[in-house]
Amino acid sequence: MQNLIDIKSLEKDEILKIIKLAEQFEEDKAVSTCFGENLALLFCEDSTRTKFSFEMAANKLGIHIYNFDANKSSFSKGESMKDTVENLYQIGINGIVIRHSEAGIVDKTVEEVVYPMKFINAGDGNHAHPTQALLDFYTMRKHLRTVEDKKIAIIGDVRHSRVAHSNVELLSKFGANIYFCAPKYFEDATQDVIFTKSLEEALKDADIVMCLRIQKERLEERIPIFDYVHDYGLTMKKLEQFAKKDVLIMHPGPVNRDVEISSEVLDSNYGKTILEQAHNGVFVRMAVLDLLLGGKS
Ligand code: CP
């Protein structure tokens, strides 16, 4: 693994290697092989979970972390991403985690930069969020052991969601039956999924339900929010009516309470897996950083 740009570039055995190492880190059975490396967190879009968990993961591995403040950087003076990153390399940075609103910017930067740096995509526009998909897979496996032949319903703004796109790339490699459930205005042309407008159809026999936030920052037009919440907001009543009792409820975060999921669901036992996802993200990101920056585990 040279960089982590998206899931489609990873083979199944590379994914399983990350998951296995994450398990070992969680169980204190692996040690860092990247102590003393220098990692920059270049976040040009807001983040809570991804940024903090990369920071926590790097600290646990003994990596030096450098937070790049995009709003106070020389981007404001017109410096390009390539020039910024190449200057960071000369200063001593050898790994870089990028979050950006532009889909494809991480691939583009990897192609442009001539130095041997390691790149991790922490979310680029609606394109990809590979570490989120990996931590989601890690969480699913903990509960269900395998996703093969499991019904996984991803509900909400699938069109603008990099999380949905990366999850489909990953889960389809491992034989899951993936449903996208959304109104027409969020319909998406992703391959390897069954699309339905019916929440009842999506919830019926689902093993996992993943709710998504409306990506307001990427909407092209206003949406009828009250109708949306009525038809697609996940409530206890809808779960009791249509879903299996032991369905696993997931959400990448951040959650907009009482929009895509009700507070009642979120604050019940169903909501616990969502916090578990954040917890698991640290070990998955430790594994990714160790394999990229150390690679001797
Ligand atoms: N899931 C996720 O990417 O959350 P943040 O935007 O808070 O990093």
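Which residues in α1 meet which residues in α11? I opened the notebook with this contact, working on a predicted model.

**Entry 1. Helices α1 and α11**

I looked up helix α1, residues 12–26, and found that Lys17, Ile18, Leu21, Ala22, Phe25 and Glu26 are its members of the contact. On the side of α11, I listed His279, Asn280, Phe283, Val284, Met286, Ala287, Val288, Asp290 and Leu291. I sorted the residues of this contact by class and obtained 10 nonpolar, 2 polar and 3 charged. For the geometry, I noted an angle of about 115° between the two helices, with their axes 8 Å apart. I recorded the crossing of α1 with α11 as right-handed.

**Entry 2. Helices α2 and α11**

I then turned to α2, which spans 49–61, and α11, which spans 272–294. I found that their axes come within 8 Å and cross at roughly 55°. I entered α2 as oblique to α11 because of that angle. I noted a right-handed crossing here. From α2, I listed Arg49, Thr50, Ser53, Phe54, Met56, Ala57, Ala58, Lys60 and Leu61 as the contact residues. Their partners in α11 are Ala278, Gly281, Val282, Arg285, Met286, Leu289 and Asp290. By class I recorded 9 nonpolar, 3 polar and 4 charged residues for the contact of α2 with α11. I marked Met286 and Asp290 of α11 for cross-reference, since each is listed in the contact with α2 and in the contact with α1.

**Entry 3. Helices α5 and α6**

I next examined helix α5, residues 130–144, against helix α6, residues 162–173. The axes come within 8 Å, and I noted a crossing at roughly 55°. I classed α5 as oblique to α6 because of that angle. The crossing of α5 and α6 is entered as right-handed. In α5 I found Pro130, Gln132, Ala133, Leu134, Asp136, Phe137 and Met140 in the contact, meeting Val163, Ser166, Asn167, Leu170 and Leu171 in α6. I counted these residues by class as 8 nonpolar, 3 polar and 1 charged.

**Entry 4. Enclosed space**

How many cavities of 30 Å³ or more are there? I obtained 2. The largest cavity holds about 40 Å³ of space. I listed its lining as Arg49, Ser53, Gln132, Leu135, Pro252, Gln277, Ala278, Gly281 and Arg285. I found that α2, α5 and α11 each supply at least two of these residues, and that α11 gives the most, with 4. By class the lining comprises 3 nonpolar, 4 polar and 2 charged residues. I noted that Arg49, Ser53, Ala278, Gly281 and Arg285 of this lining are also listed in the contact of α2 with α11.

**Entry 5. The largest pocket**

I looked up the largest pocket and entered its space as about 370 Å³. I found 21 lining residues, with Arg99, Arg162, Arg213, Gly253 and Pro254 nearest the centre. The elements that give two or more residues to this lining are α2 and α6. I sorted the lining into 4 nonpolar, 9 polar and 8 charged residues.

**Entry 6. Backbone exceptions**

I kept in mind that most residues other than glycine have a negative phi, and most peptide bonds are trans. Where is there a cis peptide bond? I found it joining Gly253 and Pro254, with omega about -5°. I placed Pro254 in the loop between β9 (248–250) and α10 (263–266). Gly253 and Pro254 are also among the residues nearest the centre of the largest pocket. I then recorded Asp192, which has a positive phi of about 65° although it is not a glycine. I located Asp192 in the loop between β6 (177–181) and β7 (194–196).

**Entry 7. Surroundings of Lys118**

I located Lys118 in strand β4, residues 118–124. I noted a separation of 6.4 Å between the C-alpha atoms of Lys118 and Asn94, which are 24 residues apart along the chain. Leaving aside residues up to four places away in sequence, I found that Lys118 touches Met1, Gln2, Asn3, Asn94, Gly95, Ile96, Leu292 and Leu293. I noted that Leu292 and Leu293 in this list fall within the 272–294 span of α11.

Methods:
Residues numbered from 1 in each chain as written. Predicted model: local features only at pLDDT ≥ 70, side-chain atom pairs only at ≥ 80, totals over all residues. Heavy atoms only, no water. Axes fitted to C-alpha atoms, helices over the stretch in contact; angles between N-to-C directions. Parallel < 35°, antiparallel > 145°, perpendicular 65-115°, else oblique. Left-handed = near helix turned anticlockwise from the far one by under 90°. Contact = heavy atoms within 4.5 Å. Nonpolar A, V, L, I, M, F, W, Y, C, P; charged D, E, K, R; others polar. 1 Å grid on protein atoms, 1.4 Å probe; cavity = no way out; pocket = protein on both sides within 12 Å on 5 of 7 lines; lining within 4 Å. Points joined across faces, edges and corners; volume = space filled by probe spheres on them.
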